[in-house]
Amino acid sequence: SLWDNSVSQDMPRLVVPSEILPRLRFLLESYVLAGAGTILFAPPGAGKSYTTMLMAVSIDAGVSKLWPVNQARVLFVNLERSEESVRRRLWMCNKALGLPVTRPLLMLNRRGRTLAEISEAVKRCIRQEGVEVVFLDSISRSGAGDLIENQTANRTIDMLSALCPTWVALGHTPRADDTHAFGSVHFDAGADLMVQLTSQAKDGTLGIGLKVTKSNDT
């Protein structure tokens with residue numbers, strides 16, 4: 001009966017809309033939507049790692065200082081930087097948000113590994129810790145293959161969606177064009193929200209702009 005039970009999980013079912021149109025639930029307006037995947041993209045060094053950590057801490061702590069948020073448990077998967085580097089960044093993000101600088105954030109730091117290699121550990125953590133949203137830095141470390149290949153993009157999106165219904169992943173841009181994320185167009189097709197980050201340095205500070213370039217539901 002195991003096979004029959006397995007097939008039954010994939011059988012079509014009637015979907016009945018409610019009488020009142022359900023409101024969209026943002027975990028962080030207008031960039032992180034519950035049950036949706038967001039890709040935030042920018043050139044290297046533009047400030048996207050700091051920005052996404054500010055988003056992650058804001059959601060995890062329920063702090064609406066920079067964006068309106070609904071509090072939810074966060075897992076930050078760092079495959080790009082050393083643990084010491086992200087610990088320093090977390091200290092600064094906590095301070096900027098008016099939180100105790102020692103406030104912890106659930107993280108998986110595995111520089112040199114791919115998401116495909118650590119996916120089982122991520123799944124276990126999500127179950128055990130009640131994680132509602134996963135942040136990934138970055139898509140380039142998915143381990144699914146060459147990013148310009150369509151199947152790689154589909155595998156990466158499927159991997160993220162299977163881990164957690166709500167996710168935010170960082171993407172880089174091509175050297176000659178910062179208007180879209182590097183790789184197959186299926187990254188754009190598979191994500192529910194595409195957010196372009198632009199920045200400008202002036203007087204020792206970095207100004208940040210966020211623009212939604214694609215949205216399925218918002």
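Is Phe135 buried or exposed? With a relative accessibility of 1%, Phe135 counts as buried, because the cut-off for that label is under 20%. Keep in mind as we go that this is a predicted model.

Phe135 is a good place to start, since it has a ring partner. The count of aromatic pairs comes to 1. That pair is Phe76 with Phe135, and it is stacked, with 6.2 Å from centre to centre and 10 degrees between the planes. The two rings come from distant parts of the chain: Phe76 sits in strand 4 (residues 74-78) and Phe135 in strand 6 (residues 133-137), 59 residues apart. Phe76 is buried too, at a relative accessible area of 2%.

Now go to helix 3, which covers residues 83-96. Its 14 residues, at 1.5 Å each, should span 20 Å, and the end C-alpha atoms are indeed 20 Å apart, so expectation and model agree. Which residues of helix 3 are buried? They are Val86, Arg89, Leu90, Cys93 and Asn94. Looking down the axis, you'd find the buried residues of helix 3 within an arc of 140 degrees, so they line one face of the helix. Over on the other side of helix 3, Glu84, Arg88 and Lys95 are exposed. Arg89, one of the buried set, also lies over the face of Tyr50, at 4.7 Å from the ring centre.

From Ala96, jump along to Ser161: the two are 65 residues apart in sequence and 31 Å apart in space, C-alpha to C-alpha. Ser161 belongs to helix 5 (residues 150-163) and is partly exposed, with a relative accessible area of 38%. Its side chain makes a polar contact of 3.3 Å with the side chain of Trp167.

Close by in the sequence comes Thr166, in the loop between helix 5 and strand 7 (167-172). A loop residue can still be tucked away: Thr166 has 5% relative accessibility, so it counts as buried. What does the side chain of Thr166 have 2.7 Å from one of its polar atoms? The backbone nitrogen of Gly35.

Next, a hairpin. Strand 8 (residues 193-202) and strand 9 (residues 205-215) pair in the antiparallel sense over 10 bridges. To get the register, look at Val195, which stands opposite Val212 in strand 9. As a rule, side chains in a regular strand alternate between the two faces of the sheet. The hairpin of strand 8 and strand 9 has 2 residues between the strands, and Asp203 is found in that loop. What is phi of Asp203 near? It is near 55 degrees, a positive value in a residue other than glycine. Asp203 has 73% relative accessibility, so it counts as exposed, the cut-off being over 50%.

Last, if you like checking backbone torsions, there are cis peptide bonds to look at. The bond from Glu29 to Ser30 is cis, with omega near -5 degrees, and Ser30 lies in the loop between strand 1 (26-28) and strand 2 (32-33). Another cis peptide bond joins Asp137 and Ser138, where omega is about 10 degrees. Ser138 sits in the loop between strand 6 and helix 5. That brings us back to strand 6, which holds Phe135 of the stacked pair.

Note on methods
Residues are numbered from 1 along each chain as its sequence is written. This is a predicted model: local features need pLDDT of at least 70, side-chain atom pairs count only at pLDDT 80 or more; totals for chains, interfaces and linings use all residues. Side-chain values use heavy atoms; hydrogens and water are left out. Rings of Phe, Tyr and Trp (its six-membered ring) pair if their centres lie within 6.5 Å; planes under 30 degrees apart count as stacked, over 60 as edge-to-face and the rest as tilted. Helices (H or I, at least four residues) and strands (E, at least two) are DSSP runs, numbered from the N terminus. Buried means under 20% relative accessible area, exposed over 50%, partly exposed in between (1.4 Å probe, protein chains only). A charge sits over a ring if NZ of Lys or CZ of Arg is within 6 Å of the ring centre and within 35 degrees of the ring normal. A polar contact is a pair of N or O atoms within 3.5 Å; within protein, one must be able to donate a hydrogen and the other to accept it, and residues adjacent in sequence count only if both atoms are side-chain atoms. Two strands pair if DSSP finds at least two bridges between them. The expected span of a helix is 1.5 Å times one less than its number of residues. The arc is that of the directions from the helix axis to the C-beta atoms.
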